[in-house]
Amino acid sequence: RYIKPILKDFNAVCKISEEKQWNTFIKILQKKGIARIRMKAHLACDDEIVAEFEGEYVAVRRDKVDDQF
């Protein structure tokens with residue numbers, strides 16, 4: 001969701017809702033070589049939130065890239 005135009009430098013912050021969710025993500029990534037996690041992010045410009053996003057992100061271990069794609 002875009003709230004306002006971003007006209008200068010900004011910061012991007014991405015967070016998970018629970019530490020347990022991160023630990024599960026890491027365990028699956030180590031075991032299977034691929035894992036996904038739902039995260040929320042926001043963009044801030046001059047300490048004001050100008051955009052918010054939520055989505056599912058996927059990580060693939062480098063040694064598994066050729067197997068998956």
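Buried means under 20% relative accessible area, exposed means over 50%, and partly exposed lies in between. The exercises below use this scale on a predicted model.

**Exercise 1. Sort the two partners of a salt bridge**

Task: The side chains of arginine 61 and aspartate 63 meet in a salt bridge. Is aspartate 63 buried or exposed?

Solution.
- Step 1. The relative accessibility of aspartate 63 is 51%.
- Step 2. The cut-off for exposed is over 50%, so aspartate 63 counts as exposed.
- Step 3. Arginine 61 has 24% relative accessibility, so this residue counts as partly exposed.
- Step 4. The N to O distance in this salt bridge is 2.8 Å. The cut-off is within 4 Å.

**Exercise 2. Place two salt bridges along the chain**

Task: The structure holds six salt bridges. Which parts of the chain are linked by the pair of lysine 8 and aspartate 46?

Solution.
- Step 1. The side chains of lysine 8 and aspartate 46 meet at 2.6 Å, N to O.
- Step 2. Lysine 8 belongs to the segment before β1 (11-15), and aspartate 46 to the loop between β2 (34-45) and β3 (48-60). The two residues are 38 residues apart, and the pair links distant parts of the chain.
- Step 3. Both lysine 8 and aspartate 46 are exposed.

Now take a second salt bridge, between glutamate 56 and arginine 36, with 3.0 Å from N to O.
- Step 4. Here glutamate 56 sits in strand β3 and arginine 36 in strand β2, 20 residues apart.
- Step 5. Glutamate 56 has a relative accessible area of 45%, so this residue is partly exposed. Arginine 36 reaches 54% and is therefore exposed.

**Exercise 3. Classify the aromatic pairs**

Task: The whole structure contains two aromatic pairs. What is the arrangement of tyrosine 2 and phenylalanine 53?

Solution.
- Step 1. A pair of aromatic rings is described by the distance of the centres and the angle of the planes.
- Step 2. For tyrosine 2 and phenylalanine 53 the values are 5.6 Å centre to centre and 85° between the planes.
- Step 3. Planes over 60 degrees apart count as edge-to-face, and this pair is edge-to-face.
- Step 4. Tyrosine 2 lies in the segment before β1 and phenylalanine 53 in strand β3, so the pair ties together parts 51 residues apart in sequence.
- Step 5. Tyrosine 2 is exposed at 65% relative accessible area, while phenylalanine 53 is partly exposed at 31%.

The other pair is handled in the same steps.
- Step 6. The ring centres of tryptophan 22 and phenylalanine 25 are 5.2 Å apart and the planes stand at 35°, so this pair is tilted.
- Step 7. Tryptophan 22 and phenylalanine 25 are three residues apart in helix α1 (residues 19-32), so about one helical turn separates them.
- Step 8. Tryptophan 22 is partly exposed at 36%, whereas phenylalanine 25 is buried because its relative accessibility is 7%.

**Exercise 4. Follow the strand pairing**

Task: How many bridges join β2 to β3?

Solution.
- Step 1. β2 and β3 run antiparallel and are joined by twelve bridges. One partnership is that of lysine 40 with glutamate 54 in β3.
- Step 2. The hairpin of β2 and β3 has two residues between the strands, and aspartate 46 takes a positive phi near 55° there.
- Step 3. β1 also pairs with β2 in the antiparallel sense, over five bridges. Cysteine 14 stands opposite alanine 41 in β2.

Conventions. Residues numbered from 1 in each chain as written. Predicted model: local features only at pLDDT ≥ 70, side-chain atom pairs only at ≥ 80, totals over all residues. Heavy atoms only, no water. Helix = DSSP H or I, 4+ residues; strand = E, 2+ residues; numbered from the N terminus. Buried < 20%, exposed > 50% of the residue type's maximum accessible area, 1.4 Å probe, protein only. Phe/Tyr/Trp six-rings, centres within 6.5 Å; stacked < 30°, edge-to-face > 60°. Pairing = 2+ DSSP bridges.
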